[in-house]
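Dear colleague,

I am handing over the structure we spoke about, and below it I have set out what was found in it. Please read the notes with the model open beside them.

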Amino acid sequence: MMNKPYLPHIDGLRGIAVLAILLFHLGVPGAHGGFLGVDIFFVISGYLITGQIIRLSSRQEFSLPNFYLRRARRLLPALFVTLLATLITGFFFLAPHDLILLAQSVLASAAFYSNIYFWSTAGYFSDISQSNILLHTWSLAIEEQFYLVWPILLVGLLKAMQSTGFNWTLWIILAVSIIASSWAAMTAPDAAFYLLPFRFHEFLIGGIAYQISATQAHH
């Protein structure tokens, strides 16, 4: 069953985000803000996942097991192939100590806590982190953690509240996350970068954008 319509403008935003990130890591002049492509991805995820859950819930068709199964089918095959290829390559080219570190990051990536692992070991822009080929899985870990938390919270809110209360609750959660992120950016910048609670507002911006567009479509 098709749970959402195809949205070509979303693919366009994805393309822009990927290009921005690529140019940033290539050090192209003028692309120093390209890391914002990750933030764009988080907003897109919030928009799509929130929309999917609300649409299915309105038809009494939403199932948490089915939701997680679809996420796993979409993400795990490519991830595990990448991790396996990385381990095999590391076995032939890395010194024993570096291979152990790689294995630890592979485990963290496979269990979707690589953002917590890299936060606890080194900052994103440190020399140690930059030499880790799996560093960029931190953003995938944040997305997976969002997928674990948001469906449960969102379905609970949909069941417990009327439309007005639901919308206000989304805005309150957004405000709390923005305040927390701003505080963390000043006091614990690595945590603000790596951890879901301080990134949650980015997903929620997408979710609120979907709710606004859906409300306008019904009027």
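Phe200 has a relative accessible area of 10% in this predicted model, and because the cut-off for buried is under 20%, the residue counts as buried. Its partner is Trp150, and the two rings form an edge-to-face aromatic pair, with 5.6 Å from centre to centre and 75° between the planes. This pair links distant parts of the chain, since Trp150 belongs to helix α7 and Phe200 to helix α10, 50 residues apart. Trp150 is likewise classed as buried, its relative accessibility being 1%.

A second edge-to-face pair is made by Phe67 and Tyr68, where the centres are 5.5 Å apart and the planes meet at 70°. Here the two partners are worth reading separately: Phe67 is buried, at a relative accessible area of 0%, whereas Tyr68, at 26%, counts as partly exposed. The number of aromatic pairs in the model comes to 16, and ring pairs join Phe42, Phe62, Phe67, Tyr68, Trp138, Phe146, Tyr147, Trp150, Phe193, Tyr194, Phe200 and Phe203 into a cluster.

Two members of that cluster also have an arginine placed over the ring. The charged end of Arg71 sits over the ring of Tyr147, at 5.2 Å from the ring centre, and the charged end of Arg199 sits over the ring of Phe193, at 5.0 Å from the ring centre.

Another member of the cluster, Phe42, lies in helix α2, and it is buried, with a relative accessible area of 0%. Although Phe42 and Leu204 are separated by 162 residues in sequence, their C-alpha atoms are 8.8 Å apart in space.

How many residues of α2 are buried? The count is 18 of 23, so this helix is largely enclosed by the rest of the structure. Its length can be checked in a simple way: at 1.5 Å a residue, the 23 residues of α2 should span 33 Å, and because the C-alpha atoms at its ends are 33 Å apart, the expected and the computed span agree. After α2 comes Gln60, whose phi is positive, near 60°.

For the chain as a whole, the model has ten helices and zero strands, so that, read along the sequence, the pattern is α-α-α-α-α-α-α-α-α-α. Of the 219 residues in the protein chain, 42% count as buried.

The last item is the second largest pocket, which has a volume of about 440 Å³. It is lined by 20 residues, and those closest to its centre are Ile54, Arg55, Ser57, Ser58 and Leu158. The elements that contribute two or more residues to this lining are α2 (36-58), α7 (137-160), α8 (163-187) and α10 (200-217), and among them are the two helices that hold Trp150 and Phe200. By residue type, the lining of the second largest pocket divides into eight nonpolar, nine polar and three charged residues.

With best wishes

Notes:
Residues are numbered from 1 along each chain as its sequence is written. This is a predicted model: local features need pLDDT of at least 70, side-chain atom pairs count only at pLDDT 80 or more; totals for chains, interfaces and linings use all residues. Side-chain values use heavy atoms; hydrogens and water are left out. On a 1 Å grid over the protein atoms alone, a cavity is a set of points where a 1.4 Å probe fits but cannot get out, and a pocket is an open set with protein on both sides within 12 Å along at least five of seven lines; lining residues have an atom within 4 Å of a point. Grid points are joined across faces, edges and corners, and a volume is the space filled by probe spheres set on the points. Helices (H or I, at least four residues) and strands (E, at least two) are DSSP runs, numbered from the N terminus. Ala, Val, Leu, Ile, Met, Phe, Trp, Tyr, Cys and Pro count as nonpolar, Asp, Glu, Lys and Arg as charged, and the others, Gly among them, as polar. Rings of Phe, Tyr and Trp (its six-membered ring) pair if their centres lie within 6.5 Å; planes under 30 degrees apart count as stacked, over 60 as edge-to-face and the rest as tilted. Buried means under 20% relative accessible area, exposed over 50%, partly exposed in between (1.4 Å probe, protein chains only). A charge sits over a ring if NZ of Lys or CZ of Arg is within 6 Å of the ring centre and within 35 degrees of the ring normal. The expected span of a helix is 1.5 Å times one less than its number of residues.
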